[in-house]
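Subject: Structure for your review

Dear colleague,

Please find below the structure that I am handing over to you, with its sequence. My account of what was found in it follows directly after.

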Amino acid sequence: MRAGVIVYPGSNCDRDAYYALELAGFKTYYITTRDNLDSFDLIILPGGFSYGDYLRPGAVSARESLAVKEFAENGGMVIGICNGFQILVEMGLLSGALLQNDSGKFICKFVELEIVDNTTPFTMLYKKGEKIRLPVAHGFGRYVSVGNPNVVFKYKENINGSDDFIAGIYNGNVLGMMPHPERAVDEFLGSVDGLKLFKSVFEYIRGGNR
Ligand SMILES: NC(=O)CC[C@H](N)C(=O)O
């Protein structure tokens, strides 16, 4: 199973994502938006400050990620984490918007989350209602929903003012989430709760559901 981690100018979680994907069993590659994506089973848009977060976080990257959009629209699996989630929303692949935290401050800490939906390709190895601990690190994580997004994760405490405590949503084959599962895949990182996410999607693809 082949996973591609898109490296934008300003990405800073690409190596963490690579490490997590390899642990879950993927053969992983660093790629750019100009690479051919046809041979990949999964594309990751990692966290960071792509294009310096100008004009809004994810705004510039979204407009140079047409190949990712096409990949997702053809049914390819895509995960956007933190800045990657911001890019997916700016691309219109996921609904809503990610605005500045209600505190106006950057938040960097472990938070508790609830698995709201374990029927997705990304969460099928978790239990419904399971509580997990993942780190967050964002200044623009306040999710404002438009329509009825499919909620996958909720914060236990509303750390950033998101509508309905929403921390992550999905739409078929596309997942976006503000917390960082790739930074919680080994005991020395303080939590292993993120690993099951990458293993879930690995198992899903291996089952021939691509
Ligand atoms: N860790 C990240 O991906 C940071 C996300 C984003 N640039 C923000 O500050 O909101």
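Helix α4 is followed by G92, whose phi is positive, near 85°. Please note that this is a predicted model. The helix itself spans residues 83-91, and nine of its nine residues are buried, so α4 is largely enclosed by the rest of the structure. The residues concerned are N83, G84, F85, Q86, I87, L88, V89, E90 and M91. Their cover includes three strands of the sheet described below, β3, β4 and β11. Helices α2 (59-63) and α3 also contribute to the cover, as does strand β5 (97-99).

The sheet

The protein chain contains five helices and eleven strands. Nine strands form an open sheet with mixed pairing, in the order β2-β1-β3-β4-β11-β10-β9-β6-β7. Strands β2 (27-31) and β7 (131-138) stand at the edges with a single partner strand each, so one side of each has no neighbour in the sheet. On average, neighbouring strands of this sheet are turned by 25° against each other, direction ignored.

Several pairings can be followed residue by residue. β1 and β3 are paired in the parallel sense over three bridges, and V5 has I44 of β3 as its bridge partner. β3 in turn pairs with β4, again in the parallel sense, over four bridges; here I44 stands opposite I79 of β4. The side chains of β3 alternate: L42 and I44 point one way, I43 and L45 point the other way, and all are buried.

The parallel pairing of β4 (residues 77-81) with β11 (residues 174-177) involves four bridges. Within this pairing, G80 stands opposite G176 of β11. Helix α3 (residues 66-73) packs on the sheet, where it touches β1 (2-6), β3 (42-45), β4 and β11. The direction of α3 makes about 130° with that of β4.

At the edge strand β7, P135 may be of interest to you. Is P135 buried or exposed? With 20 other C-beta atoms within 10 Å, P135 is buried, because 20 is the number at which a residue counts as such. Beyond its neighbours within four places in sequence, P135 is in contact with K109, F110, P179, H180, R183 and A184. The C-alpha atoms of P135 and C108 are separated by 7.1 Å, although these residues lie 27 residues apart along the chain.

The ligand

Which residues are found around the ligand? They are G47, G48, F49, D53, P57, C82, N83, A137, H138, G139, F140 and G141. By class, this shell has five nonpolar, six polar and one charged residues. N83 belongs to the buried residues of α4 as well as to the shell around the ligand.

The chain as a whole

Of the 210 residues of the protein chain, 49% count as buried. Its C-alpha atoms fill a box of roughly 40 × 40 × 35 Å along the principal axes. A compact globule of 210 residues would have a radius of gyration near 17 Å, and the 15 Å of the protein chain agrees with this. Among contacts with a separation of 6 or more, 72% join residues 24 or more positions apart.

Yours sincerely

Conventions:
Residues numbered from 1 in each chain as written. Predicted model: local features only at pLDDT ≥ 70, side-chain atom pairs only at ≥ 80, totals over all residues. Pairing = 2+ DSSP bridges. Helix = DSSP H or I, 4+ residues; strand = E, 2+ residues; numbered from the N terminus. Axes fitted to C-alpha atoms, helices over the stretch in contact; angles between N-to-C directions. Contact = placed C-beta atoms within 7 Å. Near = placed C-beta within 6 Å. Nonpolar A, V, L, I, M, F, W, Y, C, P; charged D, E, K, R; others polar. Rg over C-alpha atoms; globule rule 2.2 N^0.38 Å. Buried ≥ 20, exposed ≤ 12 C-beta atoms within 10 Å, placed from the backbone.
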